Amino acid sequence: MSFFRLFGRLKSVVIGMVHVKALPGTPGSALPLAQITEEACRDAEIYRSAGIDGLIVENMHDRPYAVRVGAEITAAMAVICATVKQTVPLLPVGVQILCAANQQAVAVALAADLDFIRAEGFVFSHVADEGILNACAGDLLRYRKQIGAEHVQIFADIKKKHSSHALTADVNIAETAKAAEFFLADGVILTGTATGLEADPKELKG
């Protein structure tokens, strides 16, 4: 199994988030790309020293997130991710590009020699703070195939944080995970309702 090959076990793993500073062109941008990259690498080294299982590089500070991500964000994330991976070559490293820029994330992962991406909206529609996000599994896996990135694993967010799931209130967390598995996700990610809040242990047992 691909997840086992990446992490050495099938049980849950702890993945640290490298939240890069606001990227060029976003409202909060204040630092040059070189400094943003340096700080991301420093965070990665701290995580490695703490014994983390893996890392995800994310453009968390690009608020408010855009549904259509510009080429400048994809390019910047490729540079940052490649440098982070070179800094911690033995750690599994993935990428998430907000908001729901899953195809761009696959392209970055391929260019930067990353191991996986974190995908929003993989299965089932939901209402996020950026608007309505629709399921993307079919298009995403076809894109991954087309660019020769099938080795890049896809970890799907389920019942994503900062979102309303009234549209799928009759679909529980276990059913959502099974749908992601059926649609060929390599793993699932379960979070709390907001950044910094832990996942509900009862949902982990569902």
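Let me start with one residue: alanine 100 has a relative accessible area of 25%, so it is classed as partly exposed. Alanine 100 sits in the loop between strand 3 and helix 4. Its phi is near 55°, which is a positive value in a residue other than glycine. Just before it in that loop comes cysteine 99, and the bond joining leucine 98 to cysteine 99 is a cis peptide bond with omega about 5°. I should say now that what you see is a predicted model.

There is a second positive phi to look at. Phenylalanine 124, again a residue other than glycine, has phi near 70°. Phenylalanine 124 belongs to the loop between strand 4 and strand 5, the latter being residues 126-128. Its relative accessibility is 32%, so phenylalanine 124 also counts as partly exposed.

A cis bond also runs from arginine 63 to proline 64, with omega near -10°. Where is proline 64 found? It is in the loop between strand 2 and helix 3.

Now the whole chain. It contains seven helices and nine strands. Of its 206 residues, 47% are buried. Among contacts with a separation of 6 or more, 69% are between residues 24 or more positions apart.

Next, the sheet. It is open, has six strands in the order 1-2-3-4-7-9, and its pairing is parallel. Which strands form the edges? They are strand 1, residues 15-19, and strand 9, residues 187-189, each of which pairs on one side only. On average, neighbouring strands are turned by 30° against each other, ignoring direction.

At one end of that order, five bridges connect strand 1 with strand 2, and the two run parallel. Valine 18 is opposite valine 57 of strand 2. Strand 2 covers residues 54-58, and five of its five residues are buried. In a regular strand, side chains alternate between the two faces of the sheet. In strand 2, Gly54, Ile56 and Glu58 point one way, Leu55 and Val57 point the other way, and all are buried.

At the other end, strand 7, residues 153-157, is joined to strand 9 by three bridges, also in parallel. Here phenylalanine 155 stands opposite glycine 187 in strand 9. Helix 4, residues 102-112, packs on the sheet and touches strand 3 (93-96) and strand 4 (116-119), with its direction at about 170° to that of strand 4. Helix 5 packs on the sheet too, touching strand 4 and strand 7, and its direction makes about 165° with that of strand 7.

Helix 5 spans residues 137-146 and includes arginine 144. Is arginine 144 buried or exposed? Its relative accessible area is 10%, so it is buried. A polar atom of the arginine 144 side chain lies 2.8 Å from the backbone oxygen of valine 152. Leaving out residues up to four places away in sequence, arginine 144 touches Val106, Ala149, Glu150, Val152, Gln153, Ile154 and Asp186.

Last, a helix pair. Two packed helices are described by the angle and the distance between their axes. For helix 2 (residues 33-49) and helix 3 (residues 71-87), the angle is about 35° and the axes are 9 Å apart. The crossing is right-handed. Residues meeting there include Ile36, Ala40 and Ala44 from helix 2, and Val79, Ile80 and Thr83 from helix 3. By type, the residues of this contact are nine nonpolar, three polar and two charged.

Note on methods. Residues numbered from 1 in each chain as written. Predicted model: local features only at pLDDT ≥ 70, side-chain atom pairs only at ≥ 80, totals over all residues. Heavy atoms only, no water. Helix = DSSP H or I, 4+ residues; strand = E, 2+ residues; numbered from the N terminus. Buried < 20%, exposed > 50% of the residue type's maximum accessible area, 1.4 Å probe, protein only. Polar contact = N/O pair within 3.5 Å; in protein donor to acceptor, adjacent residues only side chain to side chain. Contact = heavy atoms within 4.5 Å. Axes fitted to C-alpha atoms, helices over the stretch in contact; angles between N-to-C directions. Left-handed = near helix turned anticlockwise from the far one by under 90°. Nonpolar A, V, L, I, M, F, W, Y, C, P; charged D, E, K, R; others polar. Pairing = 2+ DSSP bridges.
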